[in-house]
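Biologist: Could you take a close look at the salt bridges in this model, and say where their partners sit and how covered they are?

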Amino acid sequence: MATGRSSSNSMALALLVLAASAASLLPAASLSVTSPYVRPAPRPDALSLLQDDDDDDDDDGQTPQQVHLSVVGPDKMRVTWITDDDAPAIVEYGTTSGQYPLSATGNTTTYSYVLYKSGNIHDAVIGPLKPNTTYYYRCSSNPKREFSFRTPPATLPFKFVIVGDFGQTGWTESTLKHIAAADYDMLLLPGDLSYADFIQPRWDSYGRLVDPLASARPWMVTEGNHEIEKLPLVEPEPFKAYNARWRMPYDAGASPSGDNLYYSFDVAGGAVHVIMLGSYTDYDTGSAQHRWLRRDLAAVDRGRTAFVVALVHAPWYNSNRAHQGEGDAMRDAMEALLYGVRVDAVFAGHVHAYERFARVYAGKEDPCGPVYVTIGDGGNREGLADKYIDPQPAISAFREASFGHGRLEVVNATHARWTWHRNDDDEAVVADQVWITSLAASPACHRSKSKM
């Protein structure tokens, strides 16, 4: 159902009025907090809870499954789905349930991995679409499943869900239930999706697990180390399954990257610029990714773009003992670029815990640096990273080894509210929150592009 935003301005004003009082409840940037919360025992792998499509009497081989969405430009959406047998790569859609006056035809691909052969992977780009509108659609003209999604708004406020290292365990299911209960416009995932780890049917079970949410809101993802799946001599091509199944808009927008492993896009009419970086493809000075990032950032007009956020898998700042230093080389290559345009926040995964840093640049607290957040706590099967470096660094504001997810609401051109929701006894408990002020609105931090 379409959600009206006629009261959004008054709501935003009310939120900002509360900001000062809310801020007094939050830990100051210079106050480092390690949460004493004790995580309950691990939950079982969810794979056994997922019904395999081969046992589904309603699946005739052409029934669409593993459906997910991703934005393409300001007013289009890519629909991706899989069928076991041959089926047309067509999406029919409209704004009324059961009526599909519009359609788009796309492409079909498959891939093989050792002895595994994928189903038919279809994708089609639909649009132009109206903002903040509910559309109903079906895939491959199959009447057995009708889907619906709400398009993102063309103006602020804009609500993201951000979570990494999902996997497919009982905790993953809990996280997905909490996300489903939230009102949000888009999900951002900084790598490590299925934890297939070479076992390709796990990509299929993961696709079915996230289908109810990923078919209803756009999911924008970047790769993690568990997506590499490279086997010397046998499977020398990295990211084979990931690139085949999760095609992102790397060839769209003002600065196409030419590579599915890194890309960028705008939302809310250009008020927010999102950069998805690749931790596991070359990022050094002179590399294709580095050259693209320079072009992308040079095109950002902070007079028009209120917030710039970046996602990366391996964190550039990390006080957890797990994966220490693994993001340092990338940070050395790219941190100055992000700092030059005053990127507001950087979100990472990889470490299976939550941590929020103060605004940081070059290892020190800096009022013009990004807020760094590690959010690799979606529910993976490897468990939590519960050992931290002591004493807690001064730049680390809050840390806790728990599963959960984050929400970033960009309220207006100057303020965004970040909240982290811990999975606590099947309830999403807000355990950390902070208001983030746009660096574009800070005269002290503003730098013209001519000075970059």
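Modeller: What follows goes through the salt bridges one pair at a time, and then turns to the nonpolar core.

This is a predicted model, in which local features need pLDDT of at least 70, side-chain atom pairs count only at pLDDT 80 or more, and totals for chains, interfaces and linings use all residues. Residues are numbered from 1 along each chain as its sequence is written, and side-chain values use heavy atoms, with hydrogens and water left out.

A search of the whole structure finds 19 salt bridges, a salt bridge being a side-chain nitrogen of Lys or Arg within 4 Å of a carboxyl oxygen of Asp or Glu. One of them joins the side chains of D344 and R302, at 2.9 Å from N to O. This pair links distant parts of the chain, since D344 lies in the loop between α6 (328–340) and β18 (345–348) and R302 in the loop between α5 (288–298) and β17 (307–312), 42 residues apart; helices (H or I, at least four residues) and strands (E, at least two) are DSSP runs, numbered from the N terminus. Both D344 and R302 are buried, where buried means under 20% relative accessible area, exposed over 50%, and partly exposed in between (1.4 Å probe, protein chains only).

The side chains of R356 and D432 also meet in a salt bridge, at 2.8 Å from N to O. Here the link runs between strand β19 (residues 354–361), which holds R356, and strand β25 (residues 427–437), which holds D432, with the two positions 76 residues apart. R356 counts as buried because its relative accessible area is 4%, and D432 is likewise buried because its relative accessibility is 3%.

In the pair formed by D390 and R399, the closest N and O atoms are 3.2 Å apart. D390 is exposed because its relative accessible area is 59%, whereas R399 counts as buried because its relative accessibility is 1%. Salt bridges that share partners, in turn, join R150, K159, D183 and D185 into one network.

As for the nonpolar side chains, the largest nonpolar core has 106 residues, of which Y137, F160, W219, W246, F265, L408 and W418 touch the most other members; such a core is a set of buried Ala, Val, Leu, Ile, Met, Phe, Trp, Tyr and Cys residues joined through side-chain atoms within 4.5 Å. This core draws at least three residues from each of domain 1 (63–151) and domain 2 (155–445), the domain bounds coming from an automatic or database domain assignment.
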